[in-house]
Amino acid sequence: MSKKITRKEFFQKIAFYGIGAAGVAGVLNSCGSSEEGGGSEAAKAPDPCGDTTGLTEMEIKVRTTFEYIPTSNVANKFCDNCQFWVLPAEGSPCGGCQIIKGPIHPKGYCNQWIIKTA
Ligand code: SF4
């Protein structure tokens, strides 16, 4: 008696019920097999740039809202080739970002990525 719905119908229902993209992302992420998304060994390694100690609640929320992840899942788009990338301090594996506070992994990514032009 159960009816399978298509992806299009799924997203139409989400739009109808007013569930935002962040909520959908949270639901989809919760379906994963591990915290880091599973798969490669690199994805399972601890994130050296994951310490958000000292950031305000709002600054942490910005990281979440922009869907920052320490390992990019988009081909050829990484923090270190993004216009907003800030080079790491000498000896640090983590750089920074002009719009997201806190340590940023050079091979990370967020939905604000723009190709570095200079
Ligand atoms: S805007 Fe996003 S992709 Fe670009 S450096 Fe900052 S966190 Fe990385």
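This talk describes a predicted model of a protein with a bound ligand, from its overall make-up to a few individual residues.

Good morning. Let me begin with confidence. The mean pLDDT of this predicted model is 77, and 63% of the residues reach 70 or more. Residues 10-39 have a pLDDT below 50, and in the model this stretch makes 13 contacts beyond near neighbours in sequence. Where pLDDT is low, the predicted coordinates should not be read in detail. I shall therefore not interpret those 13 contacts.

I turn to the overall architecture. The protein has four helices and two strands, and from the N terminus the order of elements is α-α-α-α-β-β. Of the 118 residues, 14% are buried. Among contacts between residues at least 6 apart in sequence, 66% join residues at least 24 apart.

Next, the interior. Which residues form the largest nonpolar core? There are eleven: Cys-49, Tyr-68, Ile-69, Cys-79, Cys-82, Cys-94, Cys-97, Ile-100, Ile-104, Tyr-109 and Cys-110. In soluble globular proteins, nonpolar side chains tend to be buried together.

One member of that core, Cys-79, deserves a closer look. Leaving aside neighbours within four places in sequence, Cys-79 is in contact with Trp-85, Gly-95 and Cys-97, and also with the run of residues Ile-104, His-105, Pro-106, Lys-107, Gly-108 and Tyr-109.

Cys-79 also brings us to the ligand. The ligand is surrounded by 14 residues, and the closest are Cys-79, Cys-82, Phe-84, Cys-97 and Cys-110. What is the class make-up of the shell around the ligand? Twelve of its residues are nonpolar and two are polar, while none is charged.

I now come to Lys-107, one of the contacts of Cys-79. Lys-107 is located in the segment after strand S2, which spans 96-97. Is Lys-107 buried or exposed? Neither term fits: with 15 other C-beta atoms within 10 Å, Lys-107 is partly exposed, because the buried class begins at 20 such atoms and the exposed class ends at 12. Apart from residues up to four places away in sequence, Lys-107 touches Thr-71, Ser-72, Phe-78 and Cys-79. Lys-107 and Asn-76 are separated by 31 residues in sequence, and their C-alpha atoms are 9.7 Å apart.

Asn-76 itself lies in the loop between H4 and S1. Only 7 other C-beta atoms lie within 10 Å of Asn-76, so this residue is exposed. Its backbone is also of interest: Asn-76 has a positive phi of about 65°, although it is not a glycine. Most residues other than glycine have a negative phi.

Glu-67 is another case. Although it is not a glycine, Glu-67 has a positive phi of about 55°. Glu-67 is placed in the loop between H4 and S1, and it is partly exposed, because 14 other C-beta atoms lie within 10 Å.

Finally, Gln-83. This residue is in the loop between helix H4, residues 57-65, and strand S1, residues 85-86. Gln-83 has 13 other C-beta atoms within 10 Å and is therefore partly exposed. Not counting residues up to four places away in sequence, Gln-83 touches Ile-114, Ile-115, Lys-116 and Thr-117. Gln-83 and Gln-98 are 15 residues apart along the chain, and their C-alpha atoms are separated by 8.8 Å.

To close, I return to the cysteines: Cys-79, Cys-82, Cys-97 and Cys-110 belong to the largest nonpolar core and are also among the residues closest to the ligand. Thank you.

Notes:
Residues numbered from 1 in each chain as written. Predicted model: local features only at pLDDT ≥ 70, side-chain atom pairs only at ≥ 80, totals over all residues. Core = buried A, V, L, I, M, F, W, Y, C linked by C-beta atoms within 7 Å. Contact = placed C-beta atoms within 7 Å. Near = placed C-beta within 6 Å. Nonpolar A, V, L, I, M, F, W, Y, C, P; charged D, E, K, R; others polar. pLDDT = per-residue confidence, 0-100.
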